[in-house]
Protein chains: 2
Amino acid sequence: MTKVTAQMSISLDGFYTGPRDTRDPNDMSGWMRGPEAPGFFRITRWAVDAMAWRERQGYAGGEQSIDSEIIEETFAAAGAYVMGRRMFDAGEVPWGEEPPFRAPVFVVTHRSREVLERQGGTSFTFVTEGVERAIELAREAAAGKDVAMAGGGELLRQVLAAGLLDQLELHIAPVLLGDGQRLFGPSLGLGADDGIELVPTRVVEAPTVTHIRYAVAGRSKLVLDDRGASGDLVGPSADGT
Amino acid sequence: MTKVTAQMSISLDGFYTGPRDTRDPNDMSGWMRGPEAPGFFRITRWAVDAMAWRERQGYAGGEQSIDSEIIEETFAAAGAYVMGRRMFDAGEVPWGEEPPFRAPVFVVTHRSREVLERQGGTSFTFVTEGVERAIELAREAAAGKDVAMAGGGELLRQVLAAGLLDQLELHIAPVLLGDGQRLFGPSLGLGADDGIELVPTRVVEAPTVTHIRYAVAGRSKLVLDDRGASGDLVGPSADGT
């Protein structure tokens, strides 16, 4: 059955890239000198070092590791992608004639535009009716495989908040950055007594990153408990003497 | 050899408790109705459900689980504790005559005060010469065991920023809270090109929490890389055609 999935690399303090760069996203050499790059490069290095990632980009080398297997599995599971407009703008030029997706990509945007057909199975369809409609179209295109949220963080928060996400996999890079763009935050729109509950379904330990996969259970009230006090009291201090 | 360790329960979005409550920390029943409690209770529930935690508090019941084993191990490894003043203020009354530490505790504070001797091996020594001195005193008292930072979050950030921490274990509760007090943040004082690097040394998968232990490697410059482009190019798109 088709699941709506997302996966993202984050630092241990919850950033998926450095502080926001306001430059033109197509100015790659400027971006490389900007505030986003150092954090983004550090967080995603585990993937760049992996053979499966490099193969998709057309580069040789890389390690055949558990990290590489996870990347392979992630690509194989996705039958279609949904992507934010900002991520598309940043990727359009560098991805070139044969983008790494090799599947239909639905871009959530306000500007309508002709479908872009690329080599290797990738197409970009521009959806102006919102993320829910984009997921619907991607679901039809996925032919029973998963619909993967390709990013960025804003779109991911949006589908989480709207209860549209079934599975989230985080790749936690063991580094503290102190500042940057957070994957999660107040824009989830949770009240003081609300949480979004998840269930860890798979944890993979690798030398330079930890992969945790979660099933998203959904919104739930946060409740207080009695901190164990309703159990029988035992021991010398428990009766207050 | 004595290590300086810390362990903390956090939500998947990096909070260790709900938004800060400005009430008198000794007003427990007020605190229970305040903004901190719902998040704090949710994040720490895995521990409250564990037999080893309940035993330390004088309560019966609880599960004999991998979570309980980790709590037991954590208590056993600590020969002495270092604690922030705010945490001590909040705990002094509820911990009662036999606090759960069963070891010397060094409280970092600006107000000097006589040593408090409690039952079961716990004592509270008030250190006015800063956290580094408190760690030094705890190290002497630990008799070869570890010095554990008991909390709270502010003290933990301080020892991380100062390079005083050797090991950090996070218990990641699978819930998004959206808001609260973050364990990590800008107060780590990291520059735009600086990170604090860690190395995951143990990952334990449990049904309702994920335990990740890290060795703290220390500050390091964040560097850009060539994203794999220095490898030989392969495939049809790699030469730009």
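## Touring the contact between chain A and chain B

Select strand β11 of chain A, residues 194-205, together with β9(B): the two pair in the antiparallel sense over two bridges. The model in the viewer is predicted. Within this pairing, pick E197(A), which stands opposite V175(B) in β9(B).

Next, widen the selection to the whole contact. Chain B puts 63 residues into it, and chain A also puts in 63 residues. Between them the chains bury about 5600 Å², with 61% of that area on carbon and sulfur atoms.

Now show the charged side chains across the interface, where four salt bridges are found. One stop is R42(A) with E197(B), whose side chains form a salt bridge at 2.7 Å, N to O. For polar contacts between chain B and chain A, the count is 14 residue pairs, with both residues at pLDDT 80 or more.

Then hide chain A and look at the side of chain B that touches it. Which elements of chain B each supply at least two residues to this side? Two helices are on the list, α2 (36-48) and α3 (51-57), along with the strands β8 (167-173), β9 (175-176), β11 (194-205) and β12 (210-221). Select β11(B) in particular: with ten residues, this strand gives the most to the side touching chain A.

Finally, colour that side of chain B by residue class. The selection splits into 38 nonpolar, eleven polar and 14 charged residues.

Key: Residues numbered from 1 in each chain as written. Chains lettered and ligands numbered in written order. Predicted model: local features only at pLDDT ≥ 70, side-chain atom pairs only at ≥ 80, totals over all residues. Heavy atoms only, no water. Contact = heavy atoms within 4.5 Å. Buried area = accessible area lost by both parts, 1.4 Å probe. Polar contact = N/O pair within 3.5 Å; in protein donor to acceptor, adjacent residues only side chain to side chain. Helix = DSSP H or I, 4+ residues; strand = E, 2+ residues; numbered from the N terminus. Nonpolar A, V, L, I, M, F, W, Y, C, P; charged D, E, K, R; others polar. Pairing = 2+ DSSP bridges.
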